[in-house]
Amino acid sequence: MNRRTEKEVLGDVTRMVREVIAEEWAKDVAIAMETSFAKDLELESIEFVALAEHIRAEYGKHVNLAGWLATMDLEHILSLRVGQLVEFIVRCDSLPMTE
Amino acid sequence: MRFATDDGVELHVEELGAGPPVIMLHGLLVGNMTTWYFTAAPDLARTHRVILFDLRGHGLSERAPTGYDVDRMTGDLTSVVHRLTDEPVVLVGHSYGALIALTFALRHPDRVRKLVLIEAPLPPSRLEELRAFMYGSPDEMLEALPDALRDAFRSGRRQGARLADGIRFLARESSLLRDLSSAEDVPDEELAALGCPLLAVYGTQSSCRPVGARLERVVPGALLVELGGGHFLPLDAPRALTDVMTRFIDA
C-alpha cells in the first residue's frame, strides 16, 4: 500500500482547501499545519462539508471524516487546525483497508 | 454529489454511513445541511445511511429564483428519495424542512417508515425567521438568529459576509418570502390520517411550542418531547436532540 507522508497530505489538503474556497485570494494563501480553518481561513461550515467531500474523493471511504467529527462538538470542529486534519488522514491511511 | 430535481434545479446531496435510510431536512434562510452534518448526522450514520441535502437556494444547492412553496419543495424531496432509495425512509425535518417532510409523508405513506418533526411550524406563518425577515427591523432579524450565527454576522468575518449574502439572495432576490406567506395550514383531519409513527420535538422557549401539543392531540400515537431551547433546537440542544431521535428511530 502506498502510504502518504504528512508533507504529501498537507500538500493535498492545501490544494483541496483552495479549490473549495475558489476565490482569488485563496490561490496563494499560506496554509500550514497550524492554520485554523475558521479563524485564519474563515472557512464557512458548509465549505467544511465540501472539503470533506473532496477528501473522500481523494482518499476513499476509509478516511471516515464524518465518524471522526462525530466524536467532537461543534465548537471543537470549528476550532480545528489544518494539522489535526492532516494527522487524522495520515493515521487512517496507515490502517489496513477494510473494503 | 449534485443532481437535478425534476424541474431542473441542482441540489447538493451528501451521504454518510450505511444501513436503513434516514433523510434529514434543514430549515430556511440560515439553514443548510450543516444543521445536521455537524450535529446528529454523524451519530446516526454509525447505524444508518444518512442522506442530507441543501434545500434549493441554500448551502451549495443552486440559487433558484422560485419554487420555495411547500408543494415544489416536497417535489424536490421526492426527487431525492426516488433517486437514492427504493426502501421506506425515516424522515427528519427541522422547521420548514419538517413541514416538507410532513407533506411528503402525507402524500407518500408507503415511502415513510417513521417521521421526526422538529419545530414544525403549523400554520407556516408561525415561522419565527419568516416573521422577523418579513416584518422586522435589522435588529429584530438578528435577534431571530441562533447565537452562533448572530456572532458570525457581528464578527465582520468572511463567514458572516457569506451568510448575509445567502440570506440577502433568498429574502430579496428569490420568491421565498412570497411563497411562504401563502403557505397554508395542514388541517387536523389530514394530520390525523398520518400513517407512520411520529416523534414531535419542540423547544420550551419556542413560539412554535403550542404546535407540539396540537400534534400530540391530533395524531394518534404521536410522541411529543419538549427540550430546553428555542426554535433552533439542533443548535440549542444538539446532544439531547440526537439522543431522543436515536431512541425513536431505533425503537
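**Strands of chain B and the contact with chain A**

Leu91(B) stands opposite Leu115(B) in strand S6 of chain B. I start there, and I should say at once that this is a predicted model.

Leu91(B) brings in strand S5, residues 89-94 of chain B, which pairs with S6(B) in the parallel sense over six bridges. How does the chain cross from S5(B) to S6(B)? The path goes through helix H4 of chain B, residues 96-107, and the β-α-β crossover is right-handed.

S6(B) itself covers residues 112-118, and six of its seven residues are buried, so I call this strand mostly covered. S6(B) also pairs with strand S7, residues 198-203 of chain B, again in the parallel sense. Four bridges join S6(B) and S7(B), and in one of the pairings Val116(B) has Leu199(B) as its bridge partner.

Now to strand S4 of chain B, residues 49-53. Here five of five residues are buried. Which residues point which way from S4(B)? Arg49(B), Ile51(B) and Phe53(B) point one way, Val50(B) and Leu52(B) point the other way, and all are buried. Note that the list includes an arginine, Arg49(B).

S4(B) has pairing partners too. Strand S2 of chain B, residues 10-16, runs antiparallel to S4(B), with four bridges between them. In that pairing, Phe53(B) is the bridge partner of Val13(B). Strand S3 of chain B, residues 21-25, pairs with S4(B) in the parallel sense, also over four bridges. There, Val50(B) has Val22(B) standing opposite.

That leaves the contact between the chains. Chain A contributes 24 residues to the contact and chain B contributes 22. Together the two chains bury about 1900 Å², with 55% of that on carbon and sulfur atoms. On the chain A side, the residues that lose the most area to chain B are Glu42(A), Glu44(A) and Ile46(A), which together make up 29% of what that side buries.

For the polar part, there are seven salt bridges between chain A and chain B. One of them joins Glu47(A) to Arg162(B), where the closest N and O atoms are 3.5 Å apart. Between the chains, 12 residue pairs are in polar contact, counting those with both residues at pLDDT 80 or more.

Which helices of chain A each supply at least two residues of the side that touches chain B? They are H2 (45-59), H3 (65-69) and H4 (74-78) of chain A. H2(A) gives the most, with nine residues.

Conventions
Residues are numbered from 1 along each chain as its sequence is written. Chains are lettered from A and ligands numbered from 1 in the order in which they are written. This is a predicted model: local features need pLDDT of at least 70, side-chain atom pairs count only at pLDDT 80 or more; totals for chains, interfaces and linings use all residues. Side-chain values use heavy atoms; hydrogens and water are left out. Buried means under 20% relative accessible area, exposed over 50%, partly exposed in between (1.4 Å probe, protein chains only). Two strands pair if DSSP finds at least two bridges between them. A crossover is right-handed if, with the strands pointing away from the viewer, the path from the first strand over the helix to the second runs clockwise. Contact means heavy atoms within 4.5 Å. Buried area is the accessible area (1.4 Å probe) that two parts lose on being put together, summed over both. A salt bridge is a side-chain nitrogen of Lys or Arg within 4 Å of a carboxyl oxygen of Asp or Glu. A polar contact is a pair of N or O atoms within 3.5 Å; within protein, one must be able to donate a hydrogen and the other to accept it, and residues adjacent in sequence count only if both atoms are side-chain atoms.
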